[in-house]
Amino acid sequence: MADEEDTDAPLLFHGRTAGESREGTRCCGFMDVKLYNIVLLGLSFMLLFTAFQTCSMVETIVLESAAKDSNGTFDGKGYTSLAIIYAVFAPSNWIAPSVVAIFTAKWSLIAGAFLYCVYIALFLKPMTVTLYLTSALVGIGAAVLWTAQGNLLTVNSTRETRGRDTGIFWALMQGSLLIGNLFFFFTFNDQKDTGITSSKRMVLFGVLTIVGICGMLLMFFIRNTSVQIQSNVSESQSNVSESEHPSRVGAFDVFKRSVRMFFTKEMLLLCFCFAYTGLEQSFWAGIYETTIGHTSSFGVASKRLTGLCGVFVGIGEIVGGAVFGLMGNRQKVGHGRDSVVLFGYIVHIVCFFLIFLNSPDESPLVETNQLPFLMPNAYLSMFCAFLLGLGDSSFNTQIYPILGALYPEDSASACAIFKFVQALASAMAFVYSSHLVLKWHLIIMTAFATLGSIFFFVVDRWAHHQIIIMNAEIQGS
């Protein structure tokens, strides 16, 4: 009967659940309930982001074709839509922990996923006003979705399994890049077709909408852990009249803690790393694919290569998530995380240099016959896509564990701050992407990669020393 009691209880924000000491809790008779949640979370995100990531990676190209076919009735821009998503996503992260505190992580996930599905469905018949309106709604939904995801990931992990569980989730979720982009690639397999027709757009986004809905439905089967949301409310707050709703007091307390946490020295330094992940994510999720699609040297294959590029990004993400997940059980704060981030930094710097040599400088902006330093090579472009995914997984699989180690009792607030800074950087990238040539994208990312990596190393070392001091105090007491 214990499992039945776990099912309907809300999630804990602060610390471990009351049921954590009951090791060996099983789900469906064969899997620990927490591992079950991690796997199901990864699978549901894989389906949802099969739809959304495929949409975001190809939407600039798709909307350009839709505008040409609309006889002037539609003039929506992919970069503008993505900029709106991340511009709204960023500030929404400040209220997201409070939303999750009130409605629990599970129902917050479902609500956020529903808004993603609405956005994708509207590409069946794109209209400028609804495109930008739903972009704003997705920004709000994304903040709630990712805050709930970070809370679920932390609450269902222990210090020993945190790295492994992050790797499992990341590898499963990034499988979305393979599925969606392979479908896009084969949908536009006609060598004679250089555009994206209305009928093909309907097929593409009809399938993506159904897949996104399937991901949302999977979230209903996530098992909640066993205790009520707790808030470290001060004694003065605890004297609130009994008529006041306790979850609202806790929600306000979550917001105040988030603001205080943002201004700690560790979090301020980590913000440089957060910002870099936002810049490079916007690059591989929307800008690099557009660069390939605008390279006339690839001929009629350029649009198909856009989808194939996403596949290779996905392979890099999955390889990185799997490898660093396996390393997770042997990693400790101060030992291992810094080496993985250093690896990701080197991979990305090499990748940026190869992209600079292989891609036309004007290609993020317009279709161009311009030749870069090398004759554009499709194989090299796909290799660079793989490196983008591999480096991205290196950073992201280490950020979640270090936040869980630094702020184990405030996982929702820490993840919300991470997503706030990441989304703000992504929004800025999509805004300036309509104006900057390729080399400036690469220069900006290189600068933030360098600063972000250095400050990650510093915070990682601080955290390691804090753990040594805490252990010494425990032994001495």
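A residue counts as buried when its relative accessible area is under 20%, and as partly exposed between that value and 50%. Keep this cut-off at hand for the exercises below, which work through a predicted model.

**Exercise 1. Find the salt bridges of the whole structure and classify how covered each partner is.**

Step 1. Let's begin with the search, which returns two salt bridges.

Step 2. Take Asp338 and its partner Arg461: their side chains meet with an N to O distance of 2.8 Å. The pair joins distant parts of the chain, since Arg461 sits in helix α15 (residues 438-476) and Asp338 in helix α12 (residues 337-358), 123 residues apart.

Step 3. Apply the cut-off. Asp338 has 14% relative accessibility, so Asp338 is buried. Arg461, at 37%, is partly exposed.

Step 4. Now the other pair: Arg164 bridges to Asp165, with 2.7 Å between the closest N and O atoms. Asp165 has a relative accessibility of 0% and is therefore buried, while Arg164 is partly exposed at 25%.

**Exercise 2. Describe the setting of Glu59: which side chain makes a polar contact with the side chain of Glu59?**

Step 1. Place the residue. Glu59 belongs to helix α2 (residues 33-69).

Step 2. Look for a charged partner. Glu59 is buried but has no salt bridge, and the nearest side chain of opposite charge, that of Arg201, is 12 Å away. A salt bridge would need a nitrogen to oxygen distance within 4 Å.

Step 3. Look for a polar partner instead. The side chain of Tyr119 provides one, making a polar contact with the Glu59 side chain at 3.0 Å.

Step 4. Complete the surroundings. Beyond the neighbours within four places in sequence, Glu59 touches Gly78, Ser81, Leu82 and Phe123 as well as Tyr119.

**Exercise 3. Check the geometry of helix α2 against its expected span.**

Step 1. The expected span is 1.5 Å times one less than the number of residues. For the 37 residues of α2 this gives 54 Å, and the end C-alpha atoms lie 51 Å apart, so the two values agree.

Step 2. Follow the axis: α2 bends by about 60 degrees at Glu59.

Step 3. Inspect the ends. At the N-terminal end Asp32 acts as a cap, with a side-chain oxygen 2.9 Å from the backbone nitrogen of Lys34. Just after the helix, Asn71 has a positive phi of about 55 degrees.

Step 4. Count the cover: 29 of the 37 residues of α2 are buried, so the helix is mostly covered.

**Exercise 4. Repeat the span check for helix α13 (residues 378-406).**

Step 1. With 29 residues, α13 is expected to reach 42 Å, and its first and last C-alpha atoms are 43 Å apart, a close match.

Step 2. At the start of α13, a side-chain oxygen of Asn377 comes to within 2.8 Å of the backbone nitrogen of Tyr379.

Step 3. This helix is mostly covered, with 24 of its 29 residues buried.

**Exercise 5. Is Thr104 buried or exposed, and what is the sign of its phi?**

Step 1. Thr104 lies in helix α4 (residues 96-121). Its relative accessible area is 9%, so Thr104 is buried.

Step 2. Most residues other than glycine have a negative phi. Thr104, however, has a positive phi near 75 degrees.

**Exercise 6. Which residues are in contact with Ile417, leaving aside its neighbours within four places in sequence?**

Step 1. Ile417 is part of helix α14 (residues 411-432), and at 2% relative accessible area Ile417 is buried.

Step 2. The contacts are Trp94, Ser258, Met261, Phe262, Met267 and Phe274.

Step 3. The C-alpha atoms of Ile417 and Ala90 are separated by 8.9 Å, although their places lie 327 residues apart along the chain.

Technical notes. Residues are numbered from 1 along each chain as its sequence is written. This is a predicted model: local features need pLDDT of at least 70, side-chain atom pairs count only at pLDDT 80 or more; totals for chains, interfaces and linings use all residues. Side-chain values use heavy atoms; hydrogens and water are left out. Helices (H or I, at least four residues) and strands (E, at least two) are DSSP runs, numbered from the N terminus. Buried means under 20% relative accessible area, exposed over 50%, partly exposed in between (1.4 Å probe, protein chains only). Lys and Arg count as positive and Asp and Glu as negative; His and the chain ends are not counted. A polar contact is a pair of N or O atoms within 3.5 Å; within protein, one must be able to donate a hydrogen and the other to accept it, and residues adjacent in sequence count only if both atoms are side-chain atoms. Contact means heavy atoms within 4.5 Å. The bend at a residue is the angle between axes fitted to the seven residues ending there and the seven starting there.
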